[in-house]
Protein chains: 4
Amino acid sequence: MTAARISEHRLHRRVQFHETDAAGMVHFSWFYRYMEEAEHALWRAAGLSVTQVAAEVFFPRVSASFDFKNPLRFEDEFEIVIRITGFSERTIRYSCAMTRGETPIASGTLVAACVSVRPGQSLKAVPIPQAIRDRFAVAPVSGE
Amino acid sequence: MTAARISEHRLHRRVQFHETDAAGMVHFSWFYRYMEEAEHALWRAAGLSVTQVAAEVFFPRVSASFDFKNPLRFEDEFEIVIRITGFSERTIRYSCAMTRGETPIASGTLVAACVSVRPGQSLKAVPIPQAIRDRFAVAPVSGE
Amino acid sequence: MTAARISEHRLHRRVQFHETDAAGMVHFSWFYRYMEEAEHALWRAAGLSVTQVAAEVFFPRVSASFDFKNPLRFEDEFEIVIRITGFSERTIRYSCAMTRGETPIASGTLVAACVSVRPGQSLKAVPIPQAIRDRFAVAPVSGE
Amino acid sequence: MTAARISEHRLHRRVQFHETDAAGMVHFSWFYRYMEEAEHALWRAAGLSVTQVAAEVFFPRVSASFDFKNPLRFEDEFEIVIRITGFSERTIRYSCAMTRGETPIASGTLVAACVSVRPGQSLKAVPIPQAIRDRFAVAPVSGE
């Protein structure tokens, strides 16, 4: 029996005080961390421990972007939806949408490369192991 | 006499230990903070205190992106160059290049909107005050 | 009818990747953030929105300390227990214990002062409002 | 010839925007990072690269505390003075004082243990290598 492949994950999150800045809003650098928290939750939902995977390969970031639409403030509760939008031999692509109720907050993208763990050496992308690839599928295109 | 308009700024920075992650590299969320540190240093070089400006307007982020080329590690020294690449009536656009010696580290973009300070209300973009606009100029296109 | 006073709160938390450092452990600065997350959860459990309270008073830190016993690593799940250990007219004292299963991780203390919100002025401690004091009680001394 | 032993270090620092919180002040967790930045600068002043040392031993924190006296705000410039206050066979003790001009900001303590690098194993304190011990001296007691 094979477990279903995972292509998206939804995470509920509350803004913590230390994530806000003197403008009274979540500092924009935090959105990239929220996206990564959702990415790792997606991996756990796929039965993959990022920690165990990390013994052989890890997934440093190739690029990351966000469009910011509305601010988040302290104690706001919000949703993070992360979707797999593409695979190449050595990279995974994600999109990410954040909302607070009906209010759009931000939308982002993330590209990560599969890199073998070789301490002290420069990073070199390698093919994504089949055992990882088998757990994921590209999400159907949404109207979002 | 009028001081010269500012269109770019170079910042020297060293990686602090708390900026690294368990992969032994600077966590990618930090690049957005480095870019903002350079942006605020550019404003100070233009004779503008972000703090004083903030009594009337502030500049929340519309979008931000990075392409990551090589990692930074603890105690690495590196350069951040931020350039103004465009103005609209209500937004400023920047590009950002980070290097460690001859090694390219990352290149990014940032768009910020001019928003009036109205506590408790939603954010609304307003025209950039002339006193701010007068201090900056768009950087010439570089080959970088 | 009066709701029971709150004197402690237990929070379950998982270590996020961006909280780790190049030594492969959670950076020690994060323990103070974990303690504050638990403190704010305790306030919410007491029916107090820190955000609403903050219109009149807020609670800047007078002191904070931790003894670190064992490290936390990426994806570790752990418990944070925060207890109110004392009140003075203008301050609240907390103790905090973190554990991962049976393993002690850290124990900390936090003292916060009640300060009135007066933008642009220096901080001045004021008596804790009765409506806040009524919601809390000092925790019984534990053997911990 | 032997270089003079180092017992204290002074660091000049400016508050960055991302270090502030919605109360308009530097979040208290940042003081522990400022203290560590000064500690690592002290090590570099002693001719010790923390990165190179880290191939054999590293110095996880045993305890850390701060008393907070006055807030720091965005763009504030301030001084961090860190002093070595004691050595045991396996630990180093520091005190730390932060000031903004004549205004006291905070005073802290830090104890770090010398631990051998053994990936995947629990942390175990070992004697501080003589080559490290030879570079430092306990600071004379100050009136501060």
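This report covers how the chains of a predicted model are arranged and how they touch.

## Ground rules

Local features need pLDDT of at least 70 and side-chain atom pairs pLDDT 80 or more, while totals for chains, interfaces and linings use all residues; side-chain values use heavy atoms, without hydrogens and water. Residues are numbered from 1 along each chain as its sequence is written, and chains are lettered from A, with ligands numbered from 1, in the order in which they are written.

## Chains A and B

A turn of 180° and a shift of 0.0 Å along the axis lay chain B on chain A, with an RMSD of 0.0 Å. The fit is by least squares on C-alpha atoms of residues with pLDDT of at least 70 in both copies. That relation is a two-fold axis. In chain B, the C-alpha nearest the axis belongs to Ser65(B), 2.0 Å away from it. Both copies use the same surface: 100% of the contact residues of chain B recur in chain A. Contact means heavy atoms within 4.5 Å.

## Chain C against chain B

Here 8 residues of chain C are in contact with 8 residues of chain B. The buried area is about 670 Å², and carbon and sulfur atoms give 74% of it. Buried area is the accessible area (1.4 Å probe) that two parts lose on being put together, summed over both.

Which three residues supply more than any other three of the area that chain C buries against chain B? They are Phe17(C), Ala22(C) and His27(C), with 56%. By class, the side of chain C that touches chain B has 3 nonpolar, 4 polar and 1 charged residues.

Note on methods. Nonpolar A, V, L, I, M, F, W, Y, C, P; charged D, E, K, R; others polar.
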